[in-house]
Amino acid sequence: MADEVDAIVIGAGHNGLTAAGYLARAGLSVRVLERADHIGGAALTEEFHPGYRNSVFSYLVSLLDRRVIEDLELNAHGLDLIQRPGGSLSILEGDHLYLPRDAAAAKAALARFSEKDAERFEAFEAMLERFGDLVRALAHEPPPDFGGGAGDLWTLLGAANRMRKLSPEDQATLAELMTMSIGDFLDRWFESDPIKGLFGFEGVIGNFQGPYEQGTAYVLLHHVFGQVDGRTGAWAYARGGMGAITQAMASFARAKGAVIETGAEVAEVLRKGGKAVGVALGDGREVRAPLVLANCHPQVLFGRLIPGEETPPAFATKIAHYRSESATFRMNLALSELPKFETVPHDETGLTAMQNTIDICPSLHYMQAAYDDARSHGWAKRPIVSMCIPSISDDTLAPEGCHVMSLFCQHFRRHLPDGRSWDDVRDGVADQIVETVAEHAPNLKRSIVGRQIHSPLDIERRLNMVGGDIFHGKLALDQIYSLRPAPGYASHRMPVAGVYLCGSGAHPGGGVSGVPGRNAALAALKDLKRGRVKAA
């Protein structure tokens, strides 16, 4: 006899747990089914070396929606965010650039490289903050669907009204940001390499493109719509690692009655008469429900769990050709001592700077070379590396006097040339990344006591992210907003009635925001209220 519930959520990553929390809060009986033996998805903390714990995949907080934090009472369920003191620390050849929060100090730091850039920086930051507010508003709500009804028209008019409130100059700049390359956009603003490298990196985070390819400027906007305590584009650490977020979400959902199963892989979404009626698990069990919310990659949902041929031809074609490759390599290092970067002061000033993101991305030229290497060779010989040492701020992660370091690296192809496998080269590539960092921090190699490696193939295997894409699909102009995951299906409602996409393959895309999970749950609840689906 199959179990019967009101709603099934496939996947216990942060978006799935967000959806489960909202559904359970509304009084529905909810079953969350997770194929791994733990919850968390990409928002996960693990002990990867005895005594050393760290975030395994995602590693910083900014995009997490304030409404999700408040509605799911995450702070009451254990979430504690640690604000970082400043912006990024960029490691350069023979120098460094650190941008503190203080405007005057940031201006002075930039003036060492260019007086002109120092003068323009305040206007640049103000521009990003204005657009961050706009993009945040658009990201928080489902976009209008092509072929939709009056509600979609109303949503479109609301978006147009937000655009209308911008000055004509800002409207033109926004159009440029949505269509230009990050390189061309930054070349208009600045003249020195360090500042262009620092912000250029934002355009290729989880995005396999060169800095002068059209559309990369938009990815900068995607990473600045977040907030921490009202600060646009600010970032924080979750105390105890990113797993603290999903643990808090799970605690809330369980408190509202949701049941979360691990080691429960869904093999198929069951259908009858064009509607979802539940799921079949790999162990032979069935769970019945009229609502199925899928926190998985669109090509996993339609291809593995539901045959693509059961969907409209245009939708099936779009999903079959959905582009998914972020070219990301992720590492954690367990360290016996703090890395000492040669160009960063080894005092309180330097320690403050190192509490933030530490980037090796000195110029747009460096970024282009990394991309070109990956296209021809499979990975960057001199990779772009973004590092964090959260243990400086959070002493729960490593033994006293020791540290953990997160390394997020670009560009590394999912499919290597000449039929090579990541299983054969991953350790050598990890050594190469360490060498890149050690050129600037000579004590790094001798301080490494353990490491955790995730190649693009490892990411795909562990997280079911096709192509190892951390965003569940490329953030390209034809795969965002009303086109995500496919035209006509941006409202989270999929071609099979009762199925809702609640993962990062839905608007607004990747990042630990909880927005796709929230909006999908609200769409399902609305359909339930209007009688489009019936509770069990």
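Me: Buried means under 20% relative accessible area, exposed means over 50%, and partly exposed is what falls in between (1.4 Å probe, protein chains only). Going by that, what makes K107 partly exposed?

Reply: Its relative accessible area is 36%. That value is neither under 20% nor over 50%, so K107 lands in the middle class. Before we go on, this is a predicted model, where local features need pLDDT of at least 70 and side-chain atom pairs count only at pLDDT 80 or more, while totals for chains, interfaces and linings use all residues. Residues are numbered from 1 along each chain as its sequence is written, and side-chain values use heavy atoms, with hydrogens and water left out.

Me: How do you know that E119 and K107 form a salt bridge?

Reply: The rule asks for a side-chain nitrogen of Lys or Arg within 4 Å of a carboxyl oxygen of Asp or Glu. Here the N to O distance is 3.2 Å, so the pair passes. E119 sits in helix α4 (residues 115–140) and K107 in helix α3 (residues 103–111), 12 residues apart. Helices (H or I, at least four residues) and strands (E, at least two) are DSSP runs, numbered from the N terminus. As for E119, its 51% relative accessibility makes it exposed.

Me: Why would such side chains pair up at all?

Reply: Opposite charges on side chains can pair when the charged atoms come close. By the salt-bridge rule, this model has 29 of them.

Me: What makes D3 and R31 one of those pairs?

Reply: Their closest N and O atoms are 3.3 Å apart, which is inside the cut-off, so the pair counts. D3 is in strand β1 and R31 in strand β3 (residues 30–33), so this contact ties together parts 28 residues apart in sequence. D3 is partly exposed at 35%, whereas R31 is buried at 10%.

Me: How do you know that R31 also has E261 as a salt-bridge partner?

Reply: For E261 and R31 the closest N and O atoms are 3.0 Å apart, so that pair qualifies too. E261 belongs to strand β12 (residues 259–261) and R31 to strand β3, 230 residues apart. E261 counts as buried, with 17% relative accessibility.

Me: Why are β1 and β15 called paired strands?

Reply: Two strands pair if DSSP finds at least two bridges between them. β1 and strand β15 (residues 286–288) have two bridges, in the parallel sense, so they just meet the rule. E4 stands opposite R288 in β15.

Me: What makes β1 and β13 edge strands?

Reply: They belong to an open sheet of four strands, ordered β1-β15-β14-β13 with mixed pairing. β1 (3–4) and β13 (266–272) each have a single partner strand, so one side of each has no neighbour in the sheet.

Me: How do you know that the span of helix α15 agrees with what's expected?

Reply: The expected span is 1.5 Å times one less than the number of residues. α15 (residues 422–438) has 17 residues and should span 24 Å, and its end C-alpha atoms are 23 Å apart, which agrees. Its buried residues include W422, V425 and A438.

Me: Why is S421 said to cap α15?

Reply: A polar contact is a pair of N or O atoms within 3.5 Å; within protein, one must be able to donate a hydrogen and the other to accept it, and residues adjacent in sequence count only if both atoms are side-chain atoms. A side-chain oxygen of S421 lies 3.1 Å from the backbone nitrogen of D423, at the N-terminal end of α15. That distance is within the limit, so the contact fits.

Me: What makes D418 stand out?

Reply: Its phi is near 65°, a positive value in a residue other than glycine. Most residues other than glycine have a negative phi. D418 lies in the loop between β20 and α15, and at 75% it is exposed.

Me: Why is L156 allowed in a nonpolar surface patch?

Reply: Patch members need over 30% relative accessible area and no salt bridge; like charges are joined within 9 Å and nonpolar side chains (Val, Leu, Ile, Met, Phe, Trp, Tyr) within 5 Å. L156 has 46%, so it clears the area cut-off. The residue is in helix α5 (residues 150–164). L153, W154, L156 and L157 together have about 480 Å² of accessible area, by the Shrake-Rupley method with a 1.4 Å probe, and for residues only the protein chains shown count as cover.
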